[in-house]
Amino acid sequence: MDKQLKIALLGLGTVGSGVPLILKEHKEKISQVTGMEILVEKALVRNKAAKAEIAKEYGIELVTDFKEILEDQDIQVVVELLGKIEPAKTYIVQALESGKHVVTANKDLLAQHGSELVAVARKNHCDLYYEASVAGGIPILRTIANSLAADNIHKVLGIVNGTTNYMLTKMVSEKLTYETALEQAQQLGFAESDPTNDVDGIDAAYKMVILTQFAFGMTLHLSDIETKGIRGLALEDIEMAHQLGYTIKLIGSSSMLEESVTAEVGPVLVPSNHPLASVQNEMNAVFVDSAGVGESMYYGAGAGAKPTATSVVSDLITTAKNLRLGISGHQFNSYKNETKIASDQEIISKYYFSIEVPDKVGQFLKLTQIVTNEGISFDQLIQQQSDGERARIVIITHKMTKAQMKQVKQAIGQIPEFELLANYKVLD
Ligand SMILES: NC(=O)C1=CN([C@@H]2O[C@H](COP(=O)(O)OP(=O)(O)OC[C@H]3O[C@@H](n4cnc5c(N)ncnc54)[C@H](OP(=O)(O)O)[C@@H]3O)[C@@H](O)[C@H]2O)C=CC1
Ligand SMILES: N[C@@H](CC=O)C(=O)O
Ligand code: NA
């Protein structure tokens with residue numbers, strides 16, 4: 001081994017503590033492919049005593065002041081695994097400005113400040129890689145940027161949040177409560193330190209911003225992505241969907257319609273025979289529809305220490321190879337297009353409506369009128385057993401535009417005795 005690559009970790013939490021483990025377990029292979037020995041020299045922590053054991057195990061020097069990393073000339077790569085925006089952003093900018101390459105798993109940061117960080121990296125001829133930020137262990141960003149560079153992607157959609165997929169799986173298969181399922185996802189290290197972003201779909205929306213950049217070269221803001229989480233998802237709707245031949249999953253999607261893009265996150269009824277329907281627990285899957293390859297799906301662990309750290313180390317390996325070849329500073333994603341957002345008239349889907357109505361004659365007729373007023377018909381319709389006073393009617397429509405769907409919702413809202421309980425997209 002003729003060369004060493006000294007790195008520093010910011011954060012020794014779930015993912016941070018996985019990195020030295022992967023570097024140790026796969027040391028020989030990593031040395032062969034990079035021609036370098038990757039050494040974790042320092043780690044930034046808040047509490048040295050709490051991380052003393054892992055530091056001793058891997059011979060890492062713990063520091064509580066980022067300056068000790070920034071000013072260390074031997075450290076060539078900073079791996080940011082703190083999460084959230086600050087101080088992560090400031091540390092990354094300072095690292096890049098002092099000529100250090102950066103690897104991060106921070107989707108919050110990349111989705112909200114990615115363009116700025118990429119520009120700083122570029123100006124300083126530094127690498128900035130973030131494969132772990134989307135779908136944890138699945139090498140999806142590199143696949144889109146490299147392997148699918150020759151293709152024209154029409155649509156990218158999938159299960160990109162491990163916590164909520166784990167929760168939905170456990171709530172359905174083991175009848176766990178929402179709270180218990182969330183607690184388990186936290187204990188297993190899948191959830192963010194504050195799981196609000198997981199359950200409210202925001203974490204998935206961040207990932208869709210990044211996926212949209214890679215797939216279509218367009219930069220979306222979070223506000224461009226209509227986002228719903230699983231907080232209000234009722235078990236009754238999961239069961240009704242099941243009776244209709246669907247599984248409800250939290251899906252992030254981004255599609256090109258002519259020359260404009262539309263991206264959304266929310267519970268979606270996925271046909272039970274669709275490959276995304278069988279993705280369980282913390283597993284993620286990204287389904288790509290493209291002109292050349294056709295349909296392809298990338299499946300694997302979307303969260304957890306080892307899978308995520310493996311992606312982080314794959315970025316370190318790329319950084320090491322670039323250094324050896326003297327080609328540092330190329331952008332992870334160099335595909336760029338002017339961002340155009342699709343209008344509601346262009347977005348077409350089937351929709352699921354779950355409506356509570358008085359249990360008396362004539363209700364179906366009123367609903368039929370609302371939907372037919374938009375020139376749409378029902379694909380499926382069922383009524384759940386009622387308590388004698390109120391009944392739940394569930395309909396799946398044929399395809400309509402998002403604008404029509406909003407009209408239907410509004411019309412339902414105008415009938416005082418109707419209550420719209422849920423409204424989700426239905427995948428073909
Ligand atoms: N967990 C997962 O499966 C995945 C996580 N990610 C991303 O990876 C990143 C890390 O996540 P994860 O490891 O799960 O998070 P953790 O909360 O487990 O780890 C973060 C660590 O950073 C430390 N930290 C936070 N702020 C500071 C600071 N200012 N100074 C020093 N230390 C600090 C925390 O210390 P303390 O404990 O004292 O708060 C904690 O040990 C996040 O961006 C996350 O979104 C991406 C894909 C999957
Ligand atoms: N909290 C995230 C972690 C990976 O990105 C998730 O559950 O997917
Ligand atoms: Na990934």
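Before we start, one definition: when I speak of helices and strands, I mean DSSP runs, with helices of at least four residues and strands of at least two, numbered from the N terminus. With that in hand, we can place Ala135, which lies in the loop between strand E6 (128-129) and helix H7 (140-147). Please keep in mind throughout that this is a predicted model.

Let me stay with Ala135 for a moment. Most residues other than glycine have a negative phi, and most peptide bonds are trans. Ala135, although it is not a glycine, has a positive phi of about 60°. Is Ala135 buried or exposed? A residue counts as buried when 20 or more other C-beta atoms lie within 10 Å of its own, and because Ala135 has 33 C-beta neighbours inside 10 Å, it is buried.

Two further places in the backbone belong with this one. Asn281, in the loop between strand E10 (260-271) and strand E11 (283-290), also has a positive phi, of about 55°, without being a glycine; with 18 C-beta neighbours inside 10 Å, Asn281 counts as partly exposed. The other place is the peptide bond from Glu86 to Pro87, which is cis, with omega near 5°, and Pro87 sits in the loop between strand E4 (75-80) and helix H5 (88-97).

Now to the overall layout. The domain assignment divides the protein chain into domain 1, made of 4-136 together with 305-325, domain 2, which is 147-300, and domain 3, which is 348-426. The centres of domain 1 and domain 2, taken over C-alpha atoms, are 27 Å apart, and the contact between them takes 13 residues from domain 1 and 16 residues from domain 2. On the domain 1 side, helix H6 (107-123) and helix H13 (305-325) each supply at least two of the touching residues, with the largest share, 5 residues, coming from H6. Sorted by class, that side of domain 1 has 6 nonpolar, 5 polar and 2 charged residues.

Helix H6 brings us to the annotated positions. Lys107 is found in H6, and the UniProt annotation "binding site", from an unreviewed entry, covers this residue. With 27 C-beta neighbours inside 10 Å, Lys107 counts as buried. Leaving aside neighbours within four places in sequence, Lys107 is in contact with Ser133, Val134, Asp203, Tyr206, Lys207 and Ile210.

One of those contacts, Lys207, is itself listed by UniProt, again in an unreviewed entry, under "active site". Lys207 is part of helix H11, residues 202-216, and is buried, with 27 C-beta neighbours inside 10 Å. Beyond residues up to four places away in sequence, Lys207 touches Lys107, Val134, Ala135, Val160 and Gly252, and so we meet Ala135 again, the buried residue from the opening.

Let me turn to the ligands. Which residues come nearest to ligand 1? Of the 26 residues around ligand 1, they are Gly11, Gly13, Gly83, Ala105 and Ala303. Helix H1, residues 14-25, gives the most to this shell, with 3 residues, while domain 1 and domain 2 each contribute at least three. By class, the shell around ligand 1 has 11 nonpolar, 12 polar and 3 charged residues.

Around ligand 2, the residues include Gly136, Asn161, Phe190, Glu192, Asp198, Asp203 and Ala303, and by class the shell has 3 nonpolar, 5 polar and 3 charged residues. Glu192 deserves a pause, since UniProt lists it for "binding site" in an unreviewed entry. Glu192 lies in the loop between helix H9 (178-187) and helix H10 (196-199), where it is partly exposed, with 19 other C-beta atoms within 10 Å. Apart from residues up to four places away in sequence, Glu192 touches Gly83, Asn197, Asp198 and Asp203.

Finally, a look at helix H14, residues 363-373, in which Leu367, Ile370 and Val371 are buried. Seen down the axis of H14, its buried residues fall within an arc of 90°, so they line one face of the helix. On the other side of H14, Leu365, Gln369, Thr372 and Asn373 are exposed. What covers the buried residues includes strand E13 (348-358), strand E14 (378-383), strand E15 (390-397) and helix H15 (402-413). Just after H14, Gly375 takes a positive phi of about 75°.

Terms used:
Residues are numbered from 1 along each chain as its sequence is written. Chains are lettered from A and ligands numbered from 1 in the order in which they are written. This is a predicted model: local features need pLDDT of at least 70, side-chain atom pairs count only at pLDDT 80 or more; totals for chains, interfaces and linings use all residues. Domain bounds come from an automatic or database domain assignment. Two residues are in contact if their C-beta atoms, placed from the backbone, lie within 7 Å. Ala, Val, Leu, Ile, Met, Phe, Trp, Tyr, Cys and Pro count as nonpolar, Asp, Glu, Lys and Arg as charged, and the others, Gly among them, as polar. UniProt positions are given in the numbering used here, feature names are shortened, and annotations may be inferred rather than shown by experiment. A residue is buried if 20 or more other C-beta atoms lie within 10 Å of its own, exposed if 12 or fewer, and partly exposed in between; C-beta atoms are placed from the backbone. The arc is that of the directions from the helix axis to the C-beta atoms. A residue is near a molecule or strand if its C-beta atom, placed from the backbone, lies within 6 Å of it.
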